[in-house]
Amino acid sequence: MKKIISAAILSCMFLATFAQQQVDPAEEIKKHLNSDQLAQYEQAESLKAKGDNLMQQAVTKQNQSDKLKTQAAKLKKGKAKKLNKQADAIDEAVATQKNSAFTQYEKAARQFYAVYSENLETLIEECPANKKSSAQSHISEAETFFVNAQDKLKRTPTGKKVTPLQIMKVKEDANKSFDDALDNCVQAYAEILGWYDKKEEPKPQPVIAQEPPKPADKIIYKVQIAADDKPLTIEYLRKLYPTTEGLNNELVDGIYRYSVGFFDTYEEADKARKEIIAKGVSTGVFVVAYKNGKRVSDISEVYTAE
């Protein structure tokens, strides 16, 4: 089963432009929020972080299921059936875990959108005439996507026979609409605040820093952007990440994992993660840690937030 659940194909390109111009959308937006809006914004960031942790746990479980299915494919029918049954049970647990993550993302999206809507309403009044039309267009698009997301959630199936997977498909689809709404809000800020303004078009550059020497007993952090049970083509990866420079590929437990960056601290890696998914998309893009060159299954083993 594909695990490329990142909907960041467009947002990576979008955020890459900001990165080239040394713009951190979140930090720039915060400068224009009043104290109440800032408190709500930071609370939304906290909700989103909870969703990220839940989603990372779900991805870890999904890898266990995929490994069992790979093993089952090599066995005879009787033994394969037992492994597939175990994998199915894990898949159900994964769906439940992802549903919890999507619930956190939904709460965060609603709060982000409330802050954006209120703040943009003020900023649009002071926006230059030549930028106002484009900004208003993005704001209108954001409202359409937001309403669409709410309508999708109203169609979430209920009842004793409804499976976590059925619920997950609806929540995942609604989450994408929330992402699109937030992305348009961020683009409205870009128009109003002039993040695009530059005399010359910058040359493509990797968002993430290049690999430094890795001394012994040192913790290294990366940002995983994709994973699949089959190798991905360079062409496909370029759709997710504007350039293959600095892109890492490794095979772990039968899963090909693709990540970018080598960071000495979690904070640096998390900042890069936010640059890649600043529009609100977070599934499939998260920070991973390595100790002495070996991937750490639970990041809390090497990092604890203060």
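Start with helix α5, residues 129-154, in this predicted model. Select the C-alpha atoms at the two ends of α5: they are 38 Å apart. The helix has 26 residues, and at 1.5 Å a residue it should span 38 Å, so the expected span and the distance in the model agree.

Stay on α5 and colour its buried residues: K131, A135, H138, A142, F146, A149, K152 and L153. What do they pack against? Show α4 (77-125) and α6 (164-193), the two helices that the buried residues of α5 pack against.

Next, select I29, Y41, Y116 and Y189. These residues have the most contacts inside the largest nonpolar core, which has 33 residues. At least two residues of this core come from each of α2 (25-30), α3 (35-72), α4, α5 and α6. Which helix supplies the largest share? It is α6, with ten residues.

Centre the view on Y116. Apart from neighbours within four places in sequence, Y116 is in contact with I29, Y41, L182, C185, V186 and Y189.

Now move to I225, A226, V285 and V287. They are among the residues of a second, separate core, which has 20 residues.

The last stop is a hairpin. Select strand β2 (residues 247-252) and strand β3 (residues 255-263), which pair in the antiparallel sense over six bridges. Pick L247 and look across to β3, where its bridge partner is V260. Then go to the turn: two residues lie between the strands of this hairpin, and D253 takes a positive phi near 55°.

Note on methods
Residues are numbered from 1 along each chain as its sequence is written. This is a predicted model: local features need pLDDT of at least 70, side-chain atom pairs count only at pLDDT 80 or more; totals for chains, interfaces and linings use all residues. Side-chain values use heavy atoms; hydrogens and water are left out. Helices (H or I, at least four residues) and strands (E, at least two) are DSSP runs, numbered from the N terminus. The expected span of a helix is 1.5 Å times one less than its number of residues. Buried means under 20% relative accessible area, exposed over 50%, partly exposed in between (1.4 Å probe, protein chains only). Contact means heavy atoms within 4.5 Å. Two strands pair if DSSP finds at least two bridges between them. A nonpolar core is a set of buried Ala, Val, Leu, Ile, Met, Phe, Trp, Tyr and Cys residues joined through side-chain atoms within 4.5 Å.
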